[in-house]
Every structure is written in structure tokens, then in C-alpha cells.
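Student: Could we go through this structure together, asking at each step why a term is used?

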Amino acid sequence: MRRALGVLTAAVLLVTGCTPQPPRAQGLPITSPSATVQDHSNRDGTSSPVADPIYPAYGNPALDVLHYDLALTWAPGPRTLTGTATIRVRAVHAVDSVRLDFSSAYTLSSISIDGATATGRVADGDLVVDKALPAGAVATLAVGYSGTPTTVAMPSHRGDVEPLGLTVTPGGELWTMQEPYGASTWYPANDQPSDKALYDIAVTVPQGWSAVASGTPGPVSGTTFRYTSATPVASYLTTLAVGQYTKTELKGPNNLPITLWTRPSDNAGQLEALRQLPAYVQWLETRFGPYPFPSTGVVLVPSQSAMETQQMMTVGADVAHGTGAPDVLVHELAHQWFGDAVGPSTWQDVWLNEGWASYVEQLYRTQSDPVAMARWEQAARSADADLRGRIGPPGHPRADSFAENNVYVCPALMLRQLHKALGDERFFALGRAWASSNAGTAKSRADFIAFVNRQTGRDFTSLINAWLDSPTTPS
């Protein structure tokens with residue numbers, strides 16, 4: 001999840017007066033993870049889209065995008081993004097037209113469906129193509145467009161709030177963070193978390209520049225950079241950055257490819273912080289099973305925050321250094337299991353992402369120290385009481401308060417109660433099974449509760465609902 005340094009820990013440190021300590025080499029006792037991830041994703045990109053109750057203006061639950069093929073060219077001089085988006089889409093229900101989210105900053109140059117010229121327009125944040133589809137029909141939409149990217153406002157009061165979507169820097173570089181919406185600032189998208197799709201992204205940039213995107217890096221042809229996502233991706237988890245980047249390649253556990261992208265303005269300390277990723281991946285794999293994707297990496301951007309964009313995390317340079325860098329990187333890496341491999345079906349359940357990543361971050365920070373964990377829990381309970389009173393319980397987020405601290409601290413405490421009730425072995429087995437058996441899908445609170453009860457053989461329904469719904473901190 002996009003987060004400022006210490007979104008969870010800062011509130012706690014204010015109470016305890018603690019400062020982050022360097023991680024110890026030894027972790028919590030666990031059982032050995034399985035050798036491979038069970039992949040239950042739909043490899044053709046099929047999803048079950050649902051209308052989002054928090055941001056209903058975004059997304060179209062009548063359509064299921066199976067695959068995006070994006071061919072983009074960036075010209076920094078005129079600040080023009082030119083693209084062709086070839087989108088394979090399935091009609092979940094019969095539709096009178098094909099409607100996707102898309103920015104009005106772009107001028108359309110061509111539209112076709114299944115190779116035949118079609119008519120359409122961009123209006124009120126939507127691309128509308130005049131083509132009826134019967135239920136179950138699959139069609140290929142191709143859209144040519146060009147324009148200067150513009151951002152949209154983030155609906156939050158966080159201290160690190162920045163505009164959402166594709167941002168153009170004064171020097172003509174590009175970067176994006178786009179949770180809960182903003183993918184439609186650079187390509188036509190079904191911009192809702194329940195519609196995961198496969199991606200092929202090709203970006204052509206000026207000589208001496210590089211393009212970085214989510215997915216597995218492919219071959220570079222001249223100045224065209226390619227990336228492929230063979231595991232379904234929610235639109236908010238895609239990323240794009242263009243600039244004069246330097247690439248550093250590492251190997252993680254089991255030869256996992258790790259790619260780091262830094263700019264001339266980034267310093268050696270920031271790169272050194274990123275070089276610790278193999279150790280963080282190893283720590284996470286030991287507890288939650290194999291890393292869920294074929295590659296990982298980080299691209300540094302001029303942001304105040306960080307985001308778990310799938311396979312290529314987007315990290316603000318200001319948070320990629322100092323004593324807090326490990327917390328940020330572990331948090332965003334944890335999201336690859338909890339949020340990326342398995343995400344929420346609607347923004348009602350953003351706690352499902354942030355609770356897991358925040359609790360995993362605390363496990364890393366406390367490193368088997370029961371005194372430190374108890375101190376965190378006590379301070380977090382105090383923070384929880386304040387957050388529920390000011391912002392509300394995590395299971396009922398407000399549309400104007402996206403990703404504020406209640407969806408971090410409160411569900412992390414809920415997971416702490418599950419951990420104490422189950423013990424290390426069964427709790428980590430629960431986390432491994434949730435991420436592996438649901439890989440490539442989007443899930444709801446009901447799905448999570450049913451899974452926990454089935455996996456543990458115990459009924460935790462009341463405990464989970466109390467922590468998600470109560471206006472006061474559960475005892």
C-alpha cells in the first residue's frame with residue numbers, strides 16, 4: 001500500500017518513545033514453507049468484477065478485462081504520451097456500449113473492435129465505444145490516443161497526500177502512484193480492484209532514457225522497453241516511470257531476479273538500502289512461502305511515499321534511506337503476498353491489504369522480542385482507540401479518508417489476536433495458505449473469514465468482525 005514512512009510505526013513511536021532498531025539476524029520460529037506456490041489464478045485474466053461501494057464512479061462491473069497490450073511512446077519535449085491500447089474484454093452482462101475509465105486529457109486517433117472501425121468518445125472520465133456486446137461475448141478493443149497526462153486528486157487527509165496518476169516532472173520525466181484509482185490517467189482501464197488482468201507493456205523513450213513498468217522485464221529493442229505480467233494484476237498495481245535511470249541487477253532467494261532503478265539525483269545510501277532486498281525477501285519467504293511472482297524490484301521516484309506496485313515497487317526516494325528504509329521495504333514486499341497475489345474485491349476491504357502488511361512489518365521490527373511486541377501492542381491499542389473515534393472502524397472506510405491509519409493499525413491488532421490464539425506455526429501456515437491458494441484473485445471479508453475458519457478448524461468470525469466493525473477497541 002502506498003504509505004509514508006512510519007504510517008503504522010509513527011503513531012506507536014509517539015506513544016512509546018521508541019526508535020527503530022537494526023534488525024537481528026534470527027527471526028521467529030516457523031515451519032518450512034512449501035517448495036512452490038499453488039497457483040489458482042485464472043491464467044487468461046478472467047475475473048469476477050463487482051461494483052465498488054466506496055468509489056462507484058470508477059470501474060465497470062459489467063465488463064471483465066482479460067488482457068491489456070499497451071504500446072506507449074513518451075516525448076518529453078512536447079510532454080506528449082502517444083499510445084495504442086489493445087484490450088481484450090469480456091462482457092459479464094449484456095452491454096449497449098463498451099465503457100472504460102479514461103482521462104479526458106487525451107485525444108483519440110483511432111478506435112476499432114475486432115478489427116472493424118468503431119465510433120466512440122471520451123466524456124466525464126470515461127471512454128465510451130458504441131458497440132453492444134451480448135453476455136459472455138469476448139471482443140478486442142484497440143484505441144489510439146495522445147496527449148499530456150494529468151493527475152486526479154487523492155481522496156485522503158494523509159500527510160503524504162499527492163495527486164494520483166501519471167505525473168510529469170519539471171524535467172519531463174514520468175512517474176505514477178494510483179491507489180485507489182489513477183491508472184486511467186495513462187491508459188483506458190477498468191479501474192477497480194476486482195478486475196485483474198494480464199499485461200504486456202512496451203514503452204519507447206528518447207535515447208539515453210529508460211522506461212520502467214510493472215511486470216517481468218523483457219528484451220529491450222533500441223529504446224523500447226518491454227514488460228509482461230503473466231499473473232493477473234489490478235489496475236491500481238500497475239506502474240510506469242520514465243527518466244534517465246541506471247539499472248542494477250541482483251539475485252534473490254532461488255535466483256529470483258531483482259532489478260533496481262535509480263536516477264542521477266539518488267545517492268549511494270539509497271542504492272545500498274535497496275540492495276538489502278534479497279535479505280528481506282528471504283525473511284518473508286521463510287514465513288509466508290515462496291515469493292509469488294517471477295521477479296521483483298524497486299524504481300525510485302520523486303515521491304513522499306511508496307507503493308507495492310506488482311513486481312516493481314514504486315518508492316519515493318526520500319523514504320528509501322535512513323533507519324526507516326527497512327520498514328518501508330519490508331512493508332511493500334509483504335504486500336506482494338498480501339494485496340498483490342491476493343487483493344480486496346472492493347475498497348471496503350482495503351484493511352485486508354494494510355492489516356497484513358502492517359503486522360508483518362511489526363514482526364520484522366520486533367524480531368522475536370516479546371517485550372518489544374508487547375510494547376507495540378499496548379501503544380497500538382492506544383492509537384486504535386483514537387483512530388476509531390476520529391476516522392471510524394477499519395471495516396467501514398470513508399470515501400474521503402482513503403488509506404488513513406485506521407486501516408493499518410486496527411486490522412494489524414486483529415491479526416495479532418489471531419497470532420496469539422494460533423501460535424507461530426499455525427499462524428504462518430494460515431498466511432502461507434491464504435496467499436498461495438488464492439493467488440491471482442480478489443477476495444472479500446466474507447471470503448477471508450470463511451478461509452480462516454476452514455484453515456484453523458475454529459470459528460473466529462466474532463473476533464474478526466469485532467475488530468473490523470467496533471466503534472471502540474475490542475477488549
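**Reasoning from values to terms**

Tutor: Let us begin with confidence: this is a predicted model, its chain averages a pLDDT of 92, and 91% of the residues score at least 70.

Student: Where does pLDDT stay under 50?

Tutor: That happens over residues 2–41, for which the model nevertheless has 108 contacts beyond four places in sequence.

Student: Why is helix H6 called oblique to helix H7?

Tutor: The axes of H6 (residues 370–390) and H7 (residues 406–437) come within 9 Å and cross at roughly 135°. Angles over 145 count as roughly antiparallel and 65 to 115 as roughly perpendicular, and the crossing angle of roughly 135° falls in neither range, so H6 is oblique to H7. The crossing of these two helices is left-handed.

Student: Which residues of H6 and H7 meet?

Tutor: Among them are Met 373, Trp 376 and Glu 377 in H6, and Asn 406, Val 409 and Cys 410 in H7. By class, the contact of H6 with H7 has 9 nonpolar, 2 polar and 6 charged residues.

Student: What makes E3 and E6 edge strands?

Tutor: The open sheet of 3 strands has the order E3-E7-E6, with antiparallel pairing. Strand E3 (98–101) and strand E6 (120–123) each pair on one side only, and that is what the term edge strand refers to. From one strand to the next, the twist averages 20°.

Student: How do you know that E6 and E7 pair?

Tutor: Pairing requires at least two bridges, and E6 and strand E7 (residues 126–129) have 4 bridges in the antiparallel sense, so they count as paired. In E7, Val 129 is the bridge partner of Gly 120.

Definitions and conventions
Residues numbered from 1 in each chain as written. Predicted model: local features only at pLDDT ≥ 70, side-chain atom pairs only at ≥ 80, totals over all residues. Heavy atoms only, no water. Axes fitted to C-alpha atoms, helices over the stretch in contact; angles between N-to-C directions. Parallel < 35°, antiparallel > 145°, perpendicular 65-115°, else oblique. Left-handed = near helix turned anticlockwise from the far one by under 90°. Contact = heavy atoms within 4.5 Å. Nonpolar A, V, L, I, M, F, W, Y, C, P; charged D, E, K, R; others polar. pLDDT = per-residue confidence, 0-100.
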